[in-house]
Amino acid sequence: MIDQIIQMTLNLDMPQMSVLEWIITLGKFAFVFIPLAFIVVMIFMERKGASLIQDRLGPNRSALPVFGGLRFFGFVHNFTDGIKLFTKETFIPTYAHKVWYVVAPGIGFLVAFLTPAVIPWFAPLTWWTGDHISQVSGMIIDSDTGILLMFALSSLSIYGTAMSAWASNSKYALLGGMRATAMMISYEVSMGLSLMGIFLLAGSFNLQHIVAWQEAHVWGIFVQPVAFFVFLTSMIAETGRAPFDVAESESEIVAGYHLEYSAMRFGLFYMGEYAHIVIASIIIATLFLGGYAIPFVSTDLLRAHVDIALALCLGGLGTMIGGFHLMVRRWKKVYATMGAKDAGTRNREYSFLQFTSGVASPVVLALAVAVFFLLNPMAATTVDGTPIFPAWVSIAAAAVQVVVLIAKAFLFCWIWIWVRWTLPRFRYDQVMSLGWKILLNLALVNLVVTAIIAKLVTGVR
Amino acid sequence: MISIIYFSLFASIAMGCGLYLLIAKHPLYGALALIGNMISLAGIYSLLSAPFLGVVQILTYAGAIMMLVVFVIMVLNTAHDHEVPRFDWRGVYLVPVPAALALLLLALVYFNSPVADATALRGTAQNISQFMFDTSRTDNGYWILFEFIGLLLLGAMVSAVLIAKKRLSTHKEDV
Amino acid sequence: MAKVIQRRSLTLLERSYLWEIIKGMGTTFKHLFRNFKNPEKMQLMSYPEVEVQTPQNYRGSHRLMKRPDGEPRCVACYMCSTACPARCITIEAEPSSDPRIEKKPRKFEIDWLVCVFCGLCEEACPVDAIRMDTRKVAISHYTRKEFIADMPRLLNWDPKDFPANDAQSQKAPGGKQNQQAKQIWGLEVKHS
């Protein structure tokens, strides 16, 4: 039997791929860094959103030492925070379990690196090489298990929490770890069950197929609104953010499982939480908001008019920079009326930002117009009635789709922040009764109703 | 070639974790070793083109059941757990059972090696669902059995809840 | 008499919790939108750059009042240091050169790290020599030693910082009307 297994494994041959296919296949691994890149923006978003919700200005002190201190409205604060976390003393309590204390924070962070592998970032790339059609999937791991793999990996991230709580050998940390563990186990049930309806409709676990189904029919949020609500709530609970942050409720158990951690080990927890939010946002956007798909625009249509899509993307960017320009102008005026002592230096910063954005906005808009007139996606050939385009068209369309997916994910990231700064913390028993008595039953009823309706409407399956 | 490297890696991790489970002093380390064992087994399943099986292995066993085990160990974590001896003589009586099982398996493989059908071994989600739930098949569909097992588990869960509940209510009457 | 407050039972919509969440999120979004649109309407001050104008009668850091000839008005009677609940005032007395006055302080120190800014010293002073109306509320230094204010620092204040109708501050030495003050008050001090 062993030799047969070896025989079987030996027969798995390496795929024959061209250079461009290899480059794209390997380049796709860069997508694992997207959650990390998100974190930088999201911490800024969280701080500014929180401050505006609470009628404050938010962090705006850290500055780059040029042009009278470039503050970028507090964006620089992230980096000073990072420097602080990296340069602080990494402290290990005497009675902590040394190995697990050091290893545990990395587990959750590692999972954040692995889970982007199952997300379809763009539609499968197809292009005409001259003699045959090349095809590259939009996911790093194109497996039929799809989202189950992501759930399996994220279920392992609990061990990071549990072991850090146990290893730090503190009662509060252990209590926090137990709460986190119990809550994650409870909410994983309703999280998985709520998705069964959409798996039933799409007929696959593969996220690529689910997105393709949504592209062909309708977004998941319209056919599965209850599932969307249950999944969103469970995901907020999974990430352990307010109102479900009983695991680190500072008024009861100080800080929960990361109580004994300092410096970058605490930073890993902190960043892991944000990475978890980003992953959850991308997953929700993929499952319920059509993923990379643009509404009413199929991938083929997008490729046929990729010049318009690129021009619209660049135009949107230019408009956003223009909006930033107007915002800076307004802030300059506001600061002038404040009667501040440092109005001169701030004025220099605002003038610099105003000048740069004022130049960049027309340049990007001109680029958009140029793209619209100069690019011309011509179909290279037609196979079975669908046109196959050259490689650059596919890649440009993929870039547009990635931008669309990221924009949708940002929407959900904002919902996380918004909910956190609105709702107070649940009590622990309230969290449990919400998870087991309401969300689980809602998910079950939703599954049954979906199955009946799907049977009645489609008649098959 | 790369598969052999992966296989030997996973196999050695699984063996090492299994051995450590036997000799671990603290029950928590044993549980963690078991998790490592399960994850590497899932890797071997995936190597055998059965990724669904591997993922379900991680999801249910490593992710959920072992989490509960770790949870319970943490709740009941007391000082004397550290003093469990690594080996006691009662364990000797347990050695023949796995040894006999291993011998049996070896004999089975040696005399009557099962023919590994590559198509039947494929454990993708599609294959398994068709194999189990295809109602149009006449020979061996498993869906009725599956439903029965589901009902059985539901009954077990309800009775477990009832048992737990009863103790609570009697306790209340005592007070 | 106890007042019984009738609790309104929650309606079905309120008990479902979801609608109330949506209402709450509407409130927070309203704040966000308003503050993003009109940042100048936020009730805020960019503190170190924009000075906070505390009222004149706010108890800030201390100052010692002066006589028109520049001598501290303090007569070293120890009333303030006796009244001080934090015991932050240290006074050493010496004989005064003015024949009408018995003592004057050689050393007058206030430890601002110990001071609780209660204002009892101000109340206790029989000659109105110590006041806390400088409106300086943020006292920050790099070393502990700098927090101990000695007599020159306590005497070093500018009449321009104080209102025009406060004659005792304005007509003190360094004030605009010093000479007139001496003539008006007849306080030509005769040095022996």
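**Close-up views of chains C and A**

**View 1. Chain C is built from seven helices and five strands.** Welcome to this predicted model. Following chain C along its sequence, you meet the elements in the order α-α-β-α-β-β-α-β-β-α-α-α. The pattern thus opens with two helices ahead of a strand, and it ends with three helices in a row.

**View 2. Chain C, seen through its contacts and its surface.** Chain C has 192 residues, and 36% of them are buried. Take the contacts in chain C between residues at least 6 apart in sequence: 64% of these join residues at least 24 apart. On the outside, chain C offers an accessible surface of about 13,000 Å². Carbon and sulfur atoms account for 55% of that surface.

**View 3. Helix H6 of chain A covers residues 147-167.** With 21 residues at 1.5 Å a residue, H6(A) should span 30 Å, and this agrees with the 31 Å between its end C-alpha atoms. How many of the residues of H6(A) are buried? The count is 21 of the 21, so this helix is largely enclosed by the rest of the structure. If you step just past H6(A), you come to A:Asn169, which has a positive phi of about 55°.

**View 4. How confident the predictor is.** For chain C, the mean pLDDT is 82. A pLDDT of 70 or more is reached by 89% of the residues in chain C. For the complex, the predictor gives an ipTM of 0.77, together with a pTM of 0.80.

Definitions and conventions:
Residues are numbered from 1 along each chain as its sequence is written. Chains are lettered from A and ligands numbered from 1 in the order in which they are written. This is a predicted model: local features need pLDDT of at least 70, side-chain atom pairs count only at pLDDT 80 or more; totals for chains, interfaces and linings use all residues. Side-chain values use heavy atoms; hydrogens and water are left out. pLDDT is the predictor's confidence in each residue, from 0 to 100. Helices (H or I, at least four residues) and strands (E, at least two) are DSSP runs, numbered from the N terminus. Buried means under 20% relative accessible area, exposed over 50%, partly exposed in between (1.4 Å probe, protein chains only). Contact means heavy atoms within 4.5 Å. Accessible areas come from the Shrake-Rupley method with a 1.4 Å probe; for residues, only the protein chains shown count as cover. The expected span of a helix is 1.5 Å times one less than its number of residues.
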